Amino acid sequence: MRGLNAPGAGPHALDARRTEALLLAFALAVVVYGYASAGLAMTGTPPARLLHFAVSQLCLAAAAHLAVRRFAPHADPLILPLAFLLTGLGLVLIQRLDPAYAARFDSAPASGGQLVWTVLAVAATIAVLWALRDYRQLQRYPYVTMAASMALLMAPAFFPGDTYGAKRWVYLGPLSFQPGEFAKVSIVVFFAGFLVLNRDALSCTGRRMLGMTLPYGRQIGPIAAVWLLSLLVLVFERDLGTSLLFFGVFVAMLYIATERTNWVACGIAMTLVGAVAVGATEPHVKGRVMAWLHPFDIYLPADRRPPGLISDQAAQALFSFGSGGVTGSGLGQGHPELIGFAGRSDFILTTVGEELGLAGVMAVLLLYTLLVARGFRTALTCGNPFGKLLAAGLSLVIAFQVFIIVAGVTGLMPFTGKALPFLAQGGSSMVANWLIVALLLAISNQARRDLYESSPSDVGADHAEPVDRGRGQHRLVQTGQRQPGDV
């Protein structure tokens, strides 16, 4: 029997769920207020579907909360409210953009479809919590997940590209989805399983070369294969974002597993070599680099523009952030539609910057930071090596994706076309990111339950963490004392 009435689910589980319920209520209030505020600003009257929207958000929050109470009563109480708040803010922004896009581009509303995808994403999260009784079952199939990841990553290469040339979509009749969004979850499962099996060989063996200890060929082979695959994705699918995310997460997980800075140096070098080579030869990637280096040259006469410039999105994004100032123009009172169709995906952050200002952007980034921090907290609390790497890897996926998108939109690096997690329009992205939430909830539930059962009197002590000795045996060790088998 599971849930709050199950054996071992003591007052700590009930306190966690009460905290989660209060935070969900606060998130619901913020989202509904934002929806009403945007509608009032644009039309002068409350939105016609305000009650419908509020009830739908209440039902989603209640269903997710009850599922966590039943199937993961010990889970971290902050993960679900943070994901719900970010998702709700995304729905508010997409609803705010619908009238502006309809007036300027005669575009069909997207908020209804996004709400449907949100319902499906929450349903998938509940299904994972119900079906995945023990997340460690995923460790049994590392090479199956690797094969699935490779198939998902390479599938778009056999389908037509989007308007600007990137190949991210798979078309099955009237349906379409982005398999790369799901590949980022399965590839982390494979990385975690592979590194748990091979971390000793990767961290303790090798030969000295150029002042670094490099692993032997049989260990570096999979790493080289990952690097080559990321380049193939970049070349054949022209998807800069997926390629950077894919290889960056792997290098970071390598460092977490082995604690060897050599891997970071090798990863950066390999990324730079591949990115420079492809950026200099692939026209689509080269065009994005040119738009990054010369964002305002798009307004020059055609004969004076650098070759490869095809969009004014980079320039419009900077104008949008600049016009927002510190507090913004007010939700519903800006002109984010000037950014074009991308304002619903990777450039949706510009809507926040223009209408909520620097304060709003910082608030959104802090929400992402808190979510990533709770994921890393789950990794630190977890005593199982596979669980540690899996939680850290899933948190890194969110962190890297947010960094890549925010850096691209703000001009720190070329923009990549990836969807901002939870906030942007996109069914594949929404479902995949909620699957990450489901896995983090499952891992934190197991980790916190083991922590409480190991030493209830020491719960909350910052100096201790559980260590898995296999077959459910746990004990507390002082931080800094590395034990055999720890990650």
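Phe422 sits in the loop between α14 and α15 (427-454), where helices (H or I, at least four residues) and strands (E, at least two) are DSSP runs numbered from the N terminus. Its phi is near 70°, a positive value in a residue other than glycine. That is worth a second look, because most residues other than glycine have a negative phi. Phe422 counts as buried, at 0% relative accessibility; buried means under 20% relative accessible area, exposed over 50% and partly exposed in between, with a 1.4 Å probe and protein chains only.

Before going on, a word about the model. This is a predicted model, with residues numbered from 1 along each chain as its sequence is written. Local features need pLDDT of at least 70 and side-chain atom pairs count only at pLDDT 80 or more, while totals for chains, interfaces and linings use all residues, and side-chain values use heavy atoms, leaving out hydrogens and water.

Now for the overall picture. The protein has 15 helices and 6 strands, and buried residues make up 53% of its 487 residues. Among contacts (heavy atoms within 4.5 Å) with a separation of 6 or more, residues 24 or more positions apart account for 71%.

Several pairs show how such distant parts meet. Follow the chain from the loop of Phe422 into α15 and you reach Val431, which lies in that helix. Val431 is buried, with a relative accessible area of 12%. Its C-alpha is 7.8 Å from that of Val122, although the two are 309 residues apart in sequence. Leaving aside residues up to four places away in sequence, Val431 touches Trp117, Ala121, Ala124 and Phe182. Towards the other end of the chain, Ala13 belongs to helix α1 (residues 11-43) and counts as buried at 0% relative accessibility. The C-alpha atoms of Ala13 and Ala75 are separated by 8.0 Å, with their positions 62 residues apart along the chain. Ala131, in helix α4, is partly exposed, with a relative accessible area of 47%. From its C-alpha to that of Phe71, 60 residues apart along the chain, the separation is 9.3 Å.

The aromatic side chains come next. A pair of aromatic rings is described by the distance of the centres and the angle of the planes. Rings of Phe, Tyr and Trp (its six-membered ring) pair if their centres lie within 6.5 Å; planes under 30 degrees apart count as stacked, over 60 as edge-to-face and the rest as tilted. A search of the whole structure finds 8 aromatic pairs. In one of them, the ring centres of Tyr135 and Phe386 are 6.4 Å apart and the planes are at 15°, so the pair is stacked. Because Tyr135 lies in the loop between α4 (111-131) and α5 (142-154) and Phe386 in helix α14 (residues 385-410), this pair ties together parts that are 251 residues apart in sequence. Tyr135 is buried, with a relative accessible area of 2%, and Phe386 is buried at 1% relative accessibility. Tyr135 has a further partner: the charged end of Arg136 sits over its ring, 6.0 Å from the centre. That description requires NZ of Lys or CZ of Arg within 6 Å of the ring centre and within 35 degrees of the ring normal. Elsewhere, Phe190, Phe191, Phe194 and Phe250 form one aromatic cluster.

Three helices complete the tour. The expected span of a helix is 1.5 Å times one less than its number of residues. For α5, 13 residues should span 18 Å, and its end C-alpha atoms are 18 Å apart, which agrees. The buried residues of α5 are Pro142, Thr145, Ser149 and Leu153. Seen down the axis of α5, they fall within an arc of 70°, so they line one face of the helix; the arc is that of the directions from the helix axis to the C-beta atoms. In helix α13 (residues 357-381), the 25 residues should span 36 Å, and the end C-alpha atoms are 36 Å apart, in agreement. Its buried residues include Leu367, Tyr368 and Leu371.

Helix α8 is mostly covered, with 16 of its 19 residues buried. From first C-alpha to last α8 reaches 27 Å, close to the 27 Å expected. Thr258 is in α8 (residues 240-258) and is buried, with a relative accessible area of 7%. A polar atom of the Thr258 side chain lies 2.7 Å from the backbone oxygen of Leu254. Just after α8, Glu259 takes a positive phi of about 60°.

Key. Polar contact = N/O pair within 3.5 Å; in protein donor to acceptor, adjacent residues only side chain to side chain.
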